[in-house]
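Let's take a look at how two chains come together and where the open space lies.

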There are 2 protein chains.
Amino acid sequence: MLIPVTPASPQADTRTALLDVAQELVQARGYNGMSFRDLAGRIGVRTASVHYHFPTKGDLGAALVARYREAFTTLRATLDAAHPDPADAPTKLLRYADALHASFRKTGGMCLCAVLAAESSTLPGEVTAQVRAFFLDNEAWLTAALGRGREAGTLRFDGPPDAAARSLFAALEGALMSAWTFSDATRLSAATQWLIRPLIVRP
Amino acid sequence: MLIPVTPASPQADTRTALLDVAQELVQARGYNGMSFRDLAGRIGVRTASVHYHFPTKGDLGAALVARYREAFTTLRATLDAAHPDPADAPTKLLRYADALHASFRKTGGMCLCAVLAAESSTLPGEVTAQVRAFFLDNEAWLTAALGRGREAGTLRFDGPPDAAARSLFAALEGALMSAWTFSDATRLSAATQWLIRPLIVRP
DNA sequence: GTCTATAACTCGATAGAC
DNA sequence: GTCTATCGAGTTATAGAC
């Protein structure tokens, strides 16, 4: 081990700190409600330093959604690895809901992509496209889980799996918004139970 | 009839026109994404004229939500009058969903209050309070419809009616957001069917 | 990588003429 | 009721020193 710990900058990784605070701000105030001034002030730098890491606000927004998408991709992959058996689909769905719950407890805000969706017609096209991709990512994963679970006989629902997945994911996003609006985590947990329980065979 | 038709102004009711366009803009771009400049330009007046009708932006926001709430109150009352029998709860729910669908077709945007919820921490307190009240209004009505329908034996679901109402309303809001994000009305209609159908006894 | 300084613009809001 | 004109503050973004 010749090359050691941190060649890093004085305050460990400003870029990551910027992303963390920016995500928090956007989830609480919206994209247009977050300014470089607020952002820079929160981590103790000047706005010019923010522009060094993210030349334009659109670049920041795009990086924000990209990181958020990746985090969810990792989450889904982890769940797939932990529950490879199609018959475990009910558990998988419940763990997925748990992750949303944990995310809400951590940030206290609604889904980043739901916030951005509300403002999408003022966003750079690249950001809007990534928001849609985030929805499609999650819907595709839910489609697979729902379809395999029904085939394995552990899930029950009407209609094609992709339609069910779209409806379920939208419902979960709505539950996050409801919990955020009333600062009430039980609105999220109650909704996820209400949505997922009826899908499970012999619960 | 001594006092006749219209003492009105040149362009019929600027105030109403302002509210109409402002709602459209907020639903598409968010509260912080709508400016007095855009708004005034759209109806062919100057920003000072907007301030004449709504002294501050907060006043405009409050008037917007108030009108939106009233429209929904009227809708719910109309549905109650058309379907007074508790056993008609399934039809009532489906008509309610139809109204959301019609609203989406008209504006093409998501629910005004969902947009405002996403930005709520930057809004005047009065507006935030009215957004919460909008949620509670609708949840209370759904609670009554769900509860009476289950008593009458035409609806079936688990748990207390108010919890079901909160979950269902949040899910409908999420479906509106999903439809808006993909400019796809079928996402809304499919989701409402998927949510409401399983509640109906012998459909 | 972070800073100071500033450009260029938009924002909500007000005063006062008509 | 709508206008012109303007204010002060906030916005994203850039140039150049350190």
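## A salt bridge across the chains

To call something a salt bridge here, a side-chain nitrogen of Lys or Arg has to sit within 4 Å of a carboxyl oxygen of Asp or Glu. Keep in mind that what you're looking at is a predicted model. With that cut-off, Arg187(A) pairs up with Glu139(B), and their closest N and O atoms are 2.7 Å apart. In total, two salt bridges are counted between chain B and chain A.

## How the chains meet

So what else goes on between the chains? On the contact side, 40 residues of chain B touch 39 residues of chain A. Together the chains bury about 3,200 Å², and 67% of that is on carbon and sulfur atoms. If you want to know who gives up the most area in chain B, look at Ala118(B), Met177(B) and Trp194(B): together they make up 20% of what that side buries.

## Symmetry

How does chain B lie on chain A? A turn of 180 degrees with a shift of 0.0 Å along the axis lays chain B on chain A, with an RMSD of 0.0 Å. The two copies are therefore related as by a two-fold rotation axis. The interface tells a matching story: 98% of the interface residues of chain B are also interface residues in chain A, so the copies meet through the same surface.

## The largest pocket

The largest pocket holds about 980 Å³ of space. Both chains help to line it: helix H8 (161-181) and helix H9 (185-196) of chain A, plus helix H8 (161-181) and helix H9 (185-196) of chain B, are the elements that give two or more residues to the lining.

There are 31 lining residues, and those nearest the centre are Pro198(A), Trp194(B), Leu195(B), Pro198(B) and Leu199(B). Trp194(B) is also one of the residues of chain B that lose the most area to chain A. By type, the lining of the largest pocket splits into 19 nonpolar, six polar and six charged residues.

## The second largest pocket

Which residues lie closest to the centre of the second largest pocket? They are Gln23(A), Tyr68(A), Ala71(A), Ser103(A) and Lys106(A), out of 14 that line this pocket. The space inside comes to about 480 Å³.

For this pocket, helix H1 (14-29), helix H4 (57-82) and helix H5 (89-107) of chain A each put in at least two lining residues. The lining of the second largest pocket breaks down into six nonpolar, four polar and four charged residues.

Terms used: Residues are numbered from 1 along each chain as its sequence is written. Chains are lettered from A and ligands numbered from 1 in the order in which they are written. This is a predicted model: local features need pLDDT of at least 70, side-chain atom pairs count only at pLDDT 80 or more; totals for chains, interfaces and linings use all residues. Side-chain values use heavy atoms; hydrogens and water are left out. On a 1 Å grid over the protein atoms alone, a cavity is a set of points where a 1.4 Å probe fits but cannot get out, and a pocket is an open set with protein on both sides within 12 Å along at least five of seven lines; lining residues have an atom within 4 Å of a point. Grid points are joined across faces, edges and corners, and a volume is the space filled by probe spheres set on the points. Helices (H or I, at least four residues) and strands (E, at least two) are DSSP runs, numbered from the N terminus. Ala, Val, Leu, Ile, Met, Phe, Trp, Tyr, Cys and Pro count as nonpolar, Asp, Glu, Lys and Arg as charged, and the others, Gly among them, as polar. Copies are superposed by least squares on the C-alpha atoms of residues with pLDDT of at least 70 in both. Contact means heavy atoms within 4.5 Å. Buried area is the accessible area (1.4 Å probe) that two parts lose on being put together, summed over both.
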